[in-house]
Amino acid sequence: MTADGGGTETVAIASGQVTVCWRRSTRARRISMRIDARSGHVVLTLPPRGRREDALALLRSHSSWVAANLARVPQAPRWRDGGHILLDGRPHAIRHCPQARRGVWIEGDVVHVSGEAEFLVRRLTTFLREQARTRLGACLETLAQEAGLRPARLTIRDTRSRWGSCTADGAIMLCWRLVMAPREVQHYVIAHELAHLRHMNHGPDFWMLVDRLTPHRRHAETWLRRDGAVLLRDMQE
């Protein structure tokens, strides 16, 4: 762990070796531990005066819990020639075309990627971000018009813990990885954030509005709990 409390290291515990990401937070009142579904690492957060030794003791005393929860983390998607990539919840085959000069393009259920193999993951990530802005943006615009709601702007980001958010001034943020989820799930997340334009809480009126905006709430919530974590994993070649 570095002087400011950050850093990553491999730590041996009873169930084997795990990768630990160290965090130090001025808002933390006690040492906390969680599993990062995106990286598959154990995150240990310490308060300003927290001791590394105490955090390691917490980690090792919960070895069984750590092992069980790491086992539930889905395997990271592998983006490579012959693999597949999700778009609107549908798998598309990846075909590497090193001699082409077209960037990334779709033909049917195949995503073609030109250029050197070492840039394949980067190009696919850029492609999906662009698809997210186009597809999610179109869904947001349509649903907002139907509901008579007017978001101030849309921002596409790569977030670790949430699929979307809405600020008090009406700005909506969506995670680009949402474009890999089924359209029904996208529709629900967008409806959820649009509903916050009228209700900045999760009270009964908020949920009534969400249910008026989308029929997919129950299905989408189930899908996100069951399958959403895999979309948050860092992509591998």
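This tour moves through the structure one selection at a time.

The model is predicted, so local features are taken only where pLDDT is at least 70 and side-chain atom pairs only at pLDDT 80 or more, while totals for chains, interfaces and linings use all residues. Residues are numbered from 1 along each chain as its sequence is written, and side-chain values use heavy atoms, with hydrogens and water left out.

**The four-stranded sheet**

Select β1, β2, β3 and β4 to begin; helices (H or I, at least four residues) and strands (E, at least two) are DSSP runs, numbered from the N terminus. These strands form an open sheet in the order β1-β2-β4-β3, with mixed pairing; two strands pair if DSSP finds at least two bridges between them. At its edges lie β1 (8–13) and β3 (32–36), each pairing on one side only. On average, neighbouring strands are turned by 35° against each other, direction ignored. Next, display β1 with β2 (residues 16–24): the two run antiparallel and are joined by six bridges. Within this pair, Thr8 has Cys21 in β2 as its bridge partner.

Add helix α1 (residues 52–61), which packs on the sheet and touches β1, β2, β3 and β4 (41–46); contact means heavy atoms within 4.5 Å. The direction of α1 makes about 50° with that of β1. Axes are lines fitted to C-alpha atoms, for helices over the stretch in contact, and angles run from 0 to 180 degrees between N-to-C directions. Helix α2 (residues 63–72) also lies across β1, β2, β3 and β4, and runs at about 20° to β3.

**The β5–β6 hairpin**

Move to β5 (residues 84–87). Ile85 and Leu87 make up its covered face, whereas His84 and Leu86 lie on the uncovered one. In a regular strand, side chains alternate between the two faces of the sheet. Four bridges pair β5 with β6 (residues 90–97) in the antiparallel sense, and Pro91 in β6 is the bridge partner of Leu86. Two residues separate the strands of this hairpin, and Asp88 takes a positive phi near 55°.

Keep Asp88 selected and add Arg135. The two form a salt bridge, with the closest N and O atoms 2.5 Å apart; the term denotes a side-chain nitrogen of Lys or Arg within 4 Å of a carboxyl oxygen of Asp or Glu. This pair links distant parts of the chain, from the loop between β5 and β6 to helix α3 (residues 120–147), 47 residues apart. Asp88 is buried, at 11% relative accessible area, and Arg135 is partly exposed, at 27% (buried means under 20%, exposed over 50%, partly exposed in between, with a 1.4 Å probe and protein chains only).

Then select Arg90 and Asp109, whose side chains meet in a salt bridge (2.2 Å, N to O). Arg90 belongs to β6, and Asp109 to the loop between β7 (104–107) and β8 (110–114), 19 residues apart.

**Helices α4 and α6**

Finally, show α4 (residues 183–195) and α6 (residues 217–232), which pack at about 105° with their axes 9 Å apart. The two helices are therefore roughly perpendicular, a class that covers 65 to 115 degrees, with under 35 roughly parallel, over 145 roughly antiparallel and the rest oblique. In α4, Glu184, Val185, Tyr188 and Val189 meet residues of α6 including Arg217, Trp223 and Leu224.

Extend the selection to Asp211, Arg217, Arg218 and Glu221, which salt bridges with shared partners join into one network. The whole structure holds twelve salt bridges.
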